[in-house]
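Please open the structure in your viewer and keep the selection panel at hand. The tour proceeds from one selection to the next and states what is found at each stop.

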Amino acid sequence: MGAVMSDQSKWVGGGVVVLALVAGTLAYASTSKSRRAPEASLTEAAKSVRSSAKRPAASRSILQMDEKLEATPKSDAPDLVDRLDPASSPQVAEVFDAINSGEAPELTGPMIPAPAFDLESYQQNPEAYLSRVVPGRVWQSAQPSADTPRLATQSSLRHAMKKGESIRLQLLTDPEMPVSFMATDLGTFSNGLGSITVAANSDGLAEAIFTASSGSARSTKVLAASPVTSGRVRFDISISQ
């Protein structure tokens, strides 16, 4: 019995020692945390002070950079596009009328379908067809077949030119048949617009003169098609200052 009580006393005494150690550990941890908290607060405050001290210098640097940018000449800035005079040609006047009135929308953009091509009407009065500027005609071409000729190129498909220069774009179709050209990114044809329809000569040669006019820069593409031949031609044009 005395031995049992002795063992129980040992376990109780050991438990008291363990509890004392745990209590001491928790007290130390709490004290250490309370000591570190002010240090962390001071660190954040110091960071805030250092950050605010650097802001004026950064602002001055940004202002100096802005001043340098404003003082740098912008040699690559694009020029403005000259406004067309409605009285410059009947075709330009018709386009202006279509924009203002909302009538004949096919004259105002390449994504508006063009009226179907009537070969008999064209042969009776070619000028009525050629005098109208309908950009969507570049999407009209004949269905490919063994009996249908293909629109062929007579000039290079790639051109390099300077601003203000003009080039000749030549294609082969049926004699005296129409070919429509359209520039996708500025530049103008002989009618002052970005699209034109011309008639081929008796040899089937159709020619359009393209000019790198005001506003055009870097590169553009010119699409061309004829309603009596299959296929569509794309000219890639590089423009430098």
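Begin by selecting Thr 197 and Ser 180: their side chains make a polar contact of 2.7 Å. A polar contact here is a pair of N or O atoms within 3.5 Å; within protein, one must be able to donate a hydrogen and the other to accept it, and residues adjacent in sequence count only if both atoms are side-chain atoms. This is a predicted model, in which local features need pLDDT of at least 70 and side-chain atom pairs count only at pLDDT 80 or more, while totals for chains, interfaces and linings use all residues. Residues are numbered from 1 along each chain as its sequence is written, and side-chain values use heavy atoms, with hydrogens and water left out.

**Around Thr 197**

Keep Thr 197 selected and add Arg 137; a polar contact of 3.0 Å joins these two side chains. Thr 197 belongs to strand β5, residues 195–199. Helices (H or I, at least four residues) and strands (E, at least two) are DSSP runs, numbered from the N terminus. Is Thr 197 buried or exposed? Its relative accessibility is 6%, so Thr 197 counts as buried. The classes are buried under 20% relative accessible area, exposed over 50% and partly exposed in between, with a 1.4 Å probe and protein chains only. Beyond its neighbours within four places in sequence, Thr 197 is in contact with residues including Tyr 129, Leu 130 and Pro 178; contact means heavy atoms within 4.5 Å.

**The aromatic residues**

Next, select Tyr 129 together with Arg 137. The charged end of Arg 137 sits over the Tyr 129 ring, 3.6 Å from its centre. The criterion is NZ of Lys or CZ of Arg within 6 Å of the ring centre and within 35 degrees of the ring normal.

The structure holds five aromatic pairs. One of them joins Tyr 122 and Tyr 129, edge-to-face, at 5.5 Å centre to centre and 85° between the planes. Both of these tyrosines are buried. Rings of Phe, Tyr and Trp (its six-membered ring) pair if their centres lie within 6.5 Å; planes under 30 degrees apart count as stacked, over 60 as edge-to-face and the rest as tilted. Add Phe 117 to the selection, and a cluster linked by ring pairs is displayed: Phe 117, Tyr 122 and Tyr 129.

Now move to Phe 189 and Phe 210. Their ring centres are 5.6 Å apart and their planes are at 65°, so this pair is edge-to-face. Phe 189 lies in the loop between β4 and β5 and Phe 210 in strand β6, so the pair ties together parts that are 21 residues apart in sequence. Phe 189 is buried at 3% relative accessibility, and Phe 210 is buried at 0%.

**Strand β3 and its partners**

Select β3 with strand β6 (residues 205–211): the two pair in the antiparallel sense over seven bridges. Two strands pair if DSSP finds at least two bridges between them. Arg 168 stands opposite Ile 209 in β6. Strand β1 (residues 152–153) also pairs with β3 in the antiparallel sense, over two bridges, and Ala 152 has Leu 172 in β3 as its bridge partner.

**The last stop**

Finally, select Asp 174, in the loop between β3 (166–172) and β4 (178–183). At 29% relative accessibility, Asp 174 counts as partly exposed. Add Pro 149: the C-alpha atoms of Asp 174 and Pro 149 are separated by 8.1 Å, with their positions 25 residues apart along the chain.
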